[in-house]
Amino acid sequence: MSGALDGLVALISGTGGGLGRAAALHFAAAGARVVGCDLDIEGHRQTVDLVRASGGEMDGPADALDLATAAGSAAWIDHALRAHGRIDILYNNASAARFAPVDQMTDAEWHFTIRNELDLVFFATRAAWPHLAAQGGVIINVGSTAAWAGTAGSGKIAHAAAKGAIVAMTRQLAVEGAPLGIRALSISPGFIRTPGTAPFLQREEIRARLVANIPLGRPGEPDEIAAAAVFAASAGASFMTGNDIVIDGGALAA
C-alpha cells in the first residue's frame, strides 16, 4: 500500500522489535512519518535506523518512556506535536504480560499485566484524543485472540482480561469518536512469530503443538499484522470503526 498514508503522522508504541518494528517499517513505507517509543530504547533506535535506511521517516523520544503512566504517555504525545505539529494515527501496540494459572497468579503479576496491557492504552489514547479529533484521526489497538477464546494450560487469565478490555474499549472509543471524526479499530493476532515466541518455534515438538489448531498450519508473521494495520489506518478503511480484526490463520474458526 505504498503511499496510502502519505504525509500522515503515525505514533506507534513498542517499536523496539517484533510487531512494533514491523509496523514502523510498513507505516513508513506507506508514506507515514512515524513517531516510535519503547522501554527498550536501544531496540527502538535500531528500528529508527532501519526505517531511515529504507528511505522512510521515523523519530521518537531520546529516552525510554513508561507509557503506563500519565506522564510518560503525555511526554510521547508532546514529542510528536513538537516534531510534527499534528497526530493522525495512534497505534497502541506495546504490551507486556505475566502468565500463571488463576490460583497461582500473584497480585504483582496481575497488576503488572493490567498496567502494561491496558493502562498504557488508556493513558496514550487520552493524551492523544484532542489532537486526533483535530485531524479526524485513527486509533488502532492491539488485542488478541485471547479476548475471544480461552486456552487450556496457558496461564492467560490476566492477559485475556486485559485484551478483552482492549477490544471492548475500542468499541466504546469508536462510538465516542465518531462525532469527532475519529475511527477506532482493534487487531487481534493469533500465534505470531516474534522474538518472544521464537524459542518455542525452534523446538519441533512444541511448534507442532502450537500450530496444530491453526487451519493454515503455521504461525503468522509480524509483516502480516503490520499490513493489516496500514490498511486499517488508510482511507480505504474509512467506513470501518469499532471492528476487531482477527488475524489468526483460522484458529478461532476451528
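Start with helix α5, residues 157-177: this helix lies across β5, β6 (183-189) and β7. Compared with β6, helix α5 runs at about 160°. Keep in mind as you look around that this is a predicted model.

What is the sheet that α5 lies across? It's an open sheet of seven strands, in the order β3-β2-β1-β4-β5-β6-β7, and the pairing is parallel. At the edges you'll find β3 (57-59) and β7 (244-247), each of which pairs on one side only. Going from one strand to the next, the twist averages 20°.

Now walk along the sheet from the β3 edge. Here β3 pairs with strand β2, residues 33-37, in the parallel sense over three bridges. If you want a spot to look at, find V34, which stands opposite M58 in β3. Helix α4, residues 107-135, also packs on the sheet, where it touches β4 (89-92) and β5 (138-142). The direction of α4 makes about 175° with that of β4.

Move on to β4 and β5, which run parallel and are joined by four bridges. In this pair, I89 stands opposite V138 in β5. How many residues of β5 are buried? Five of the five are, so β5 is largely enclosed by the rest of the structure. In a regular strand, side chains alternate between the two faces of the sheet. You can follow that in β5: V138, I140 and V142 point one way, while I139 and N141 point the other way, and all are buried.

Next comes β6, which pairs with β5 in the parallel sense over five bridges. V142 stands opposite I187 in β6. Like its neighbour's residues, those of β6 are tucked away: seven of its seven residues are buried, leaving the strand mostly covered. R183, L185, I187 and P189 point one way from β6, with A184, S186 and S188 pointing the other way, and all of them are buried.

L185 is a good residue to pause at, sitting as it does in strand β6. Is L185 buried or exposed? Its relative accessible area is 0%, and since buried means under 20%, L185 counts as buried. Setting aside its neighbours within four places in sequence, L185 is in contact with V138, I139, I140, N141, T170, A232, M240, T241, N243 and I245. One of these, T241, is 56 residues away along the chain from L185, yet their C-alpha atoms are separated by 5.5 Å.

For another kind of setting, go back to helix α4 and find E109, which lies in that helix. With 24% relative accessibility, E109 counts as partly exposed. Apart from its neighbours within four places in sequence, E109 is in contact with R98, A100 and Q104. E109 and T145 are 36 residues apart in sequence, and in space they are 21 Å apart, C-alpha to C-alpha.

That leaves the way helices meet each other. Two packed helices are described by the angle between their axes and the distance between the axes. Take helix α3, residues 70-84, and α4 to begin with: their axes come within 8 Å and cross at roughly 35°. The crossing, as α3 passes α4, is right-handed. On the α3 side the meeting residues are A70, S73, A74, W76, I77 and L81, and on the α4 side they are L120, F123, A124, R126, A127, A128 and H131. Sorted by class, that contact of α3 with α4 has 10 nonpolar, two polar and one charged residues.

Helix α1 (residues 18-29) and helix α8 (residues 222-233) make up another pair, with axes that come within 8 Å and cross at roughly 50°. The two helices are therefore oblique to each other. Here too, as α1 passes α8, the crossing is right-handed. From α1 the contact draws on G18, L19, A22, A23, H26 and F27, and from α8 on P222, D223, I225, A226, A227, A229, V230 and A233. What classes of residue does this contact of α1 with α8 have? There are 11 nonpolar, two polar and one charged.

Key: Residues numbered from 1 in each chain as written. Predicted model: local features only at pLDDT ≥ 70, side-chain atom pairs only at ≥ 80, totals over all residues. Heavy atoms only, no water. Axes fitted to C-alpha atoms, helices over the stretch in contact; angles between N-to-C directions. Parallel < 35°, antiparallel > 145°, perpendicular 65-115°, else oblique. Left-handed = near helix turned anticlockwise from the far one by under 90°. Contact = heavy atoms within 4.5 Å. Nonpolar A, V, L, I, M, F, W, Y, C, P; charged D, E, K, R; others polar. Pairing = 2+ DSSP bridges. Buried < 20%, exposed > 50% of the residue type's maximum accessible area, 1.4 Å probe, protein only.
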